[in-house]
Amino acid sequence: MSAVQSKVAGGAVLPLQQDAPEGVFRQMSRRFLKHRLAVAGLAVTLMLIFIAVFAPWLAPHSPYEVTAEFSAAPSSVHWLGTDQVGRDVLSRLIYATRVAVTVGFGTVALYVTFGTIVGLWSAYAGGWVDMIVMRITDVFMAFPYMMVILVVVSVLGPTLWTLVLVLALFSWPSIARLVRGSVLTLKQMDYIKAGVSLGLSTPRIVFRHILPNALAPIIVNATFGVAAAIMAESGLSFLGMGVQPPTASWGNMLTDAQSISVMTDQPWLWLPPGIMILVTVLAINFVGDGLRDALDPKQ
Amino acid sequence: MLLELKDMKTVFKTDRGEVTSVDGVSLRVGKGETIGIVGESGCGKSVTSLSIMRLLGKSGRIKEGEILFMGQDLAKLPEAELRLIRGGDIAMIFQEPMTSLNPVFTIGNQLTEAIQLHTDLRGKAAAGYAVQMLEKVGIPRPEAMMKSYPHSLSGGMRQRVMIAMALSCKPKLLIADEPTTALDVTIQAQILNLMKELREEMGASIMLITHDLGVIAEMADKVVVMYAGQVVEETDVFTLFEQPLHPYTQGLMKSIPHIEAEAEETLASIPGAVPPLTNMPKGCRFQPRCAFAAARCQAEAPALLPVQEGHDVRCWMAQEPEQWKVRKEEAV
């Protein structure tokens, strides 16, 4: 009974008399915070970024310093033991975070920017421009890209930045198509027509009115892109085509664990980098899931 | 004359070739005047208004004729110059207030954007002016409303915001495309009253596009009746309601429900529908639906001619009653 009464009382309040209308951003963060795994994922991701930035202060040893203890088991000096040439595993793990974060976010920043601009342009120009751009994306998406990446990396030389560049080169088409699709829908909206009738210029319409409305799927896609790029980098480094030793990367640390004897007798060599890859990718994907729910306009 | 359309013809490219949507429309809007454009859906009212602003999209274009606005031909003006007129000298409000505001920006954001684009006001001054405009269109607590997002507003409130936005740059001509169609009846009256008040205050001319003759009677000085892309009758609002001459206008009048009507009486309707643009009938375009159609109507298309001072009609029956009767008897 009291619930009914309060409902009636609540209904009598005119929406206009409510104070401070809730902003879109606040609504989204409220929805995101409800997603527990996403919040945990975000915490892990932020921690990884923190570790990457402050690696020199956090690492107990130099990641390149070779000591006399080869493949030593974890001890009070070397918390996660040492590798086959006597370098501290924990320190290498911490420095490898830098590689992962750089590749993950660098690749995504690069291809999301490029893909978004291409997608916007393609959709807004329409006609033959759109046709040609979309066929180019088709070609890129049809490539067996792991093979091409291996070839390109071997030609250009396997540095961190070639890796970022090459991964970005094969990732922009998906964003371009995504953006193009949203823009084609948004172009028909009444508020875009209203904007044109108010005398706004085309670049202003595209960047200030269409892009913010297309942002939600871009952000979600970019988040998953970070995880995918980190996975790809680890894979390539594992194959020896990515980040080259002595620079530490989770992928090339796993390369050391290719023999049965290491697998069985020296788990500190392969378990930590493996767990780091798993945790990182999982955390970022959780963040992506949370963002997708938070940014979903249907809620 | 503020705006003068001379034989404007708007065409659209389609898969089946070029289609004429508006065929030779001529009309004049004086300063401070309100002109109503009436007709069924698909008769070219909206395309006429969109042609003036050149908002026809990629497939549409103005093929012939002139759109003289304060002496400039808008049909030939370069895009950059036209952009200054859009939202500046000519503003537009649309039918759907629910979707005409960008959902990701606040009301204040969108209002000040328009103001900064067409006036010298910047920053705080622009925001202050925006609040003033919201107050003018009768929005309660305008300061708080500046921070609201469109989704928290009702349709009527949004249409008020649209009107505030359209009028913020003091346009000389306001084009209102079915401004009240999507609103509740009570809100409709409020919006119409608001538009009337603002017309008096700002001295703007209004081009009101509607299918609602009640709205026309309430607002317009002059009325243009359109059918199948053509003007079929043009006169002042009193003459139109007292003495409609075109059978189509008469049909529209008869299809308005009257409060005194007997309960058993069925409401009159015009049989048939507007012919598709790709397949216009021969002769008069209204002839297949017209109760008075004669042989001449099927053979020859009538022109829009004055039958009285300030009363133009496109109909043989009104223009040459004697001859039309003779022809009709011949046909029978």
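**Group meeting: pocket, cores and chain A**

Okay, let me start with the second largest pocket: its lining has 7 nonpolar, 4 polar and 7 charged residues. Keep in mind that this is a predicted model. The space in that pocket comes to about 630 Å³. So who sits around the middle? Of the 18 lining residues, the ones nearest the centre are A:Tyr124, A:Val196, B:Leu55, B:Gly57 and B:Lys58, and you can see both chains in that list.

Which helices supply at least two residues each of the lining? That would be helix 10 (190-197) and helix 11 (202-238) of chain A, plus helix 2 (79-85) of chain B. Helix 10 of chain A gives the largest share, with 3 residues.

Now the cores. The largest nonpolar core has 120 residues, and A:Trp250, B:Met195 and B:Met207 have the most contacts inside it. Leaving out residues up to four places away in sequence, A:Trp250 touches a whole list, including A:Leu48, A:Leu93, A:Ile230, A:Pro273 and A:Met276. Apart from the largest core there's another one, of 19 residues, with B:Ala220, B:Val225, B:Tyr227 and B:Cys290 among them.

Last bit, chain A overall. We've got 14 helices and 0 strands there. Its radius of gyration is 24 Å, well over the 19 Å from the globule rule for 299 residues, so chain A is more spread out than a compact globule. The C-alpha trace spans about 75 × 65 × 30 Å along its principal axes. Buried residues are 44% of the 299 in chain A. And of the chain A contacts with a separation of 6 or more, 69% are between residues 24 or more positions apart.

Key. Residues are numbered from 1 along each chain as its sequence is written. Chains are lettered from A and ligands numbered from 1 in the order in which they are written. This is a predicted model: local features need pLDDT of at least 70, side-chain atom pairs count only at pLDDT 80 or more; totals for chains, interfaces and linings use all residues. Side-chain values use heavy atoms; hydrogens and water are left out. A nonpolar core is a set of buried Ala, Val, Leu, Ile, Met, Phe, Trp, Tyr and Cys residues joined through side-chain atoms within 4.5 Å. Buried means under 20% relative accessible area, exposed over 50%, partly exposed in between (1.4 Å probe, protein chains only). Contact means heavy atoms within 4.5 Å. On a 1 Å grid over the protein atoms alone, a cavity is a set of points where a 1.4 Å probe fits but cannot get out, and a pocket is an open set with protein on both sides within 12 Å along at least five of seven lines; lining residues have an atom within 4 Å of a point. Grid points are joined across faces, edges and corners, and a volume is the space filled by probe spheres set on the points. Helices (H or I, at least four residues) and strands (E, at least two) are DSSP runs, numbered from the N terminus. Ala, Val, Leu, Ile, Met, Phe, Trp, Tyr, Cys and Pro count as nonpolar, Asp, Glu, Lys and Arg as charged, and the others, Gly among them, as polar. The radius of gyration is taken over C-alpha atoms; the globule rule is 2.2 Å times the number of residues to the power 0.38.
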